[in-house]
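The following exercises concern secondary structure, helix packing and cysteine pairing. Please examine the sequence and the model before reading the solutions.

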Amino acid sequence: KEETYAALGAPYGYGDGARSGVGWDRTAALKILRARKRAGERLFTGAYMMTNGGSTRPKHEVVVSRLAWVHKRIPQLLKALDDAGGLEQATRVLTAIPGFGWFTAYECMIDAVWEQRVLSYSLNAWVYAGPGACRGLSHLLGRATVSQAVAQQGLEVLRQSQREWLKKAGA
C-alpha cells in the first residue's frame, strides 16, 4: 500500500537512497507498522499475497524480517543483479530472498527496471506469467492450464500484435 510505503520510506532513505540501504531500522519499522495496525489500518493491499513460511507471526512482522534479510545483503544482491545479464537471470537472483517466489521476484524486477535508474534491462526481453496471466491464457487457448513456457509464448504473441488489435478496437 502506498501509505505503508510512505510511512516506512520517508524516514529511512528509500527512493533515491534505496540502493545504499542507508537508514534502515528494523525496530523502528516494526514500531511504525504495529502502531498503524493497532489503529486499524490495512497495511497491505489484497494483491500483496505471500506465505508466512510456516510462521505464526503477523504478516507485517514477517515482511520486516524479510526486508532485514535483504538489507544485510544489499551489496551482494546488487552485484548479483548487475552481473545477471538480463531480466530473467536478475529475477532468479531475487528468488533467493526468503518468501520470494518467481512472481514476487518478477514484480520487484519490473519496479527496479521501470525507470531504468536501478537496472537497465528491457521489460520486453522476458516475462514471468503470473497466476492471473496463466488463467487468462488458459481461457483464451481453451485449456485447463498452461505451462510457464506456453504462457510466455502466448504473452509474446499478444505483445507483438497489441498495436494492431488496439487499432481495430478503436483505441
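Three exercises on this predicted model follow, each with a worked solution.

**Exercise 1.** Determine how many helices and strands the protein chain has, and what share of its residues is buried.

*Solution.* The secondary structure comprises 8 helices and 0 strands. Along the sequence, the pattern therefore reads α-α-α-α-α-α-α-α, helices being counted from the N terminus. Of the 171 residues in the protein chain, 30% are buried. The C-alpha trace spans about 50 × 35 × 35 Å along its principal axes.

**Exercise 2.** Describe the packing of helix 7 against helix 8.

*Solution.* Begin with the axes: those of helix 7 (residues 131-141) and helix 8 (residues 148-168) come within 10 Å and cross at roughly 80°. Angles of 65 to 115 degrees count as roughly perpendicular, so helix 7 is roughly perpendicular to helix 8. Next, identify the contact residues: helix 7 contributes Ala133, Cys134, Leu137 and Leu141, while helix 8 contributes Gln148, Val150, Ala151, Gly154, Leu155 and Leu158. Finally, classify them: the contact has 8 nonpolar, 2 polar and no charged residues.

**Exercise 3.** Explain why cysteine 108 and cysteine 134 form no bond, and state whether each is buried or partly exposed.

*Solution.* A disulfide requires two cysteine sulfur atoms within 2.5 Å. The cysteine sulfur closest to that of cysteine 108 belongs to cysteine 134 and lies 18 Å away, which is too far for a bond. A search of the whole structure accordingly finds 0 disulfides. As to exposure, cysteine 108 is partly exposed, with a relative accessible area of 30%, whereas cysteine 134 is buried, at 15%.

Conventions
Residues numbered from 1 in each chain as written. Predicted model: local features only at pLDDT ≥ 70, side-chain atom pairs only at ≥ 80, totals over all residues. Heavy atoms only, no water. Axes fitted to C-alpha atoms, helices over the stretch in contact; angles between N-to-C directions. Helix = DSSP H or I, 4+ residues; strand = E, 2+ residues; numbered from the N terminus. Parallel < 35°, antiparallel > 145°, perpendicular 65-115°, else oblique. Contact = heavy atoms within 4.5 Å. Nonpolar A, V, L, I, M, F, W, Y, C, P; charged D, E, K, R; others polar. Buried < 20%, exposed > 50% of the residue type's maximum accessible area, 1.4 Å probe, protein only.
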